[in-house]
Amino acid sequence: MSRIFAYTRVSTIDQDTSNQLLEIQSAGYTIEPHRYIEERISGSVEAFKRPCFLQLTHKLEQGDTLVVTKLDRLGRDSINVQQTVQWFTEHGIRLIVLQLGNLDLTSSSGSLMIKVLSAVADFERQLIIERVQSGLARAKANNVRLGRPPKTSQSDQQEIVSKLAQGFTVSQLARDYGISRASIIKIRDTVNN
């Protein structure tokens, strides 16, 4: 007899997994309390590095089914999701995602869906990289200063260089201006070059 497990995950302690369990039950799955695993951990943490998910995998046996509400409950990284699905496939455990129409990701159509979704995710990632690079090039062409604004003004920097020449220590100036020693040294080296 095939056992059915449910895995729900939220990213923060403030969030609640009850809606996910309700969604799984509404889809017609009856989950015994000891087969319902909930976890509060970021989706950026790989599935097999999550304590509760790892404990769950030790309970699962060939022929069992794991139900999740959405693909991102397994992970946000397409490579990690593919590795997780591969583990389920190798162990003969069905992996159902409600968001994908109750699709079993370990089936041949599920495998195709994962590949398509991964390709789309990679394509979107490349578009984001291209847009960021284009924006940076445009900003540089317009002489836009990138990064955090300096903590010291031009006149403060001139004062710092002058005080260093008068014998003030780097540590003293760092305390006086509320910046790091490294910043004082950088100002000294920038202005003197």
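This dialogue walks through strand pairing and helix packing in a predicted model.

Student: Where do I start with the strands? Which strand does S3 join, and do the two run parallel or antiparallel?

Tutor: Start with the bridges. S3 covers residues 65-68 and S4 covers residues 94-97. They are joined by 4 bridges and run parallel. For the register, take one pair: Val68 stands opposite Val97 in S4.

Student: How should I picture side chains along a strand?

Tutor: In a regular strand, side chains alternate between the two faces of the sheet.

Student: What does the chain pass through from S3 to S4?

Tutor: Through helix H3, residues 78-90. That makes a β-α-β crossover, and its hand is right-handed.

Student: Which strand, besides S3, is joined to S4?

Tutor: S5, residues 103-104. Here 2 bridges make the link, and the strands run antiparallel. Val97 serves as a marker again: Leu103 in S5 stands opposite this residue.

Student: How many residues lie between S4 and S5 in the hairpin?

Tutor: There are 5. Check the backbone in the turn too: Gly101 has a positive phi of about 75°.

Student: Now the helices. At what angle do H3 and H4 pack?

Tutor: About 165°, with the axes 10 Å apart. H4 spans residues 108-141.

Student: Why are H3 and H4 called roughly antiparallel?

Tutor: Angles over 145 degrees count as roughly antiparallel. The angle here is about 165°, so H3 and H4 are roughly antiparallel to each other. The crossing of H3 past H4 is left-handed.

Student: Which residues make that contact?

Tutor: H3 supplies Ser78, Val81, Gln82 and Val85. From H4 come Ile114, Ser118, Asp122 and Arg125. By class, the contact of H3 with H4 has 3 nonpolar, 3 polar and 2 charged residues.

Student: How do H5 and H6 pack, at what angle and how far apart?

Tutor: H5 is residues 154-165 and H6 is residues 170-177. Their angle is about 150°, and their axes lie 10 Å apart. The pair is therefore roughly antiparallel. The crossing of H5 and H6 is right-handed.

Student: Which residues of H5 and H6 make the contact?

Tutor: On H5, look at Asp156, Glu159, Ile160, Lys163 and Leu164. On H6, look at Val170, Leu173 and Tyr177.

Student: How do the residues of the contact of H5 with H6 divide?

Tutor: Into 5 nonpolar and 3 charged, with no polar residues.

Key
Residues numbered from 1 in each chain as written. Predicted model: local features only at pLDDT ≥ 70, side-chain atom pairs only at ≥ 80, totals over all residues. Heavy atoms only, no water. Pairing = 2+ DSSP bridges. Right-handed = clockwise from strand over helix to strand, strands pointing away. Axes fitted to C-alpha atoms, helices over the stretch in contact; angles between N-to-C directions. Parallel < 35°, antiparallel > 145°, perpendicular 65-115°, else oblique. Left-handed = near helix turned anticlockwise from the far one by under 90°. Contact = heavy atoms within 4.5 Å. Nonpolar A, V, L, I, M, F, W, Y, C, P; charged D, E, K, R; others polar.
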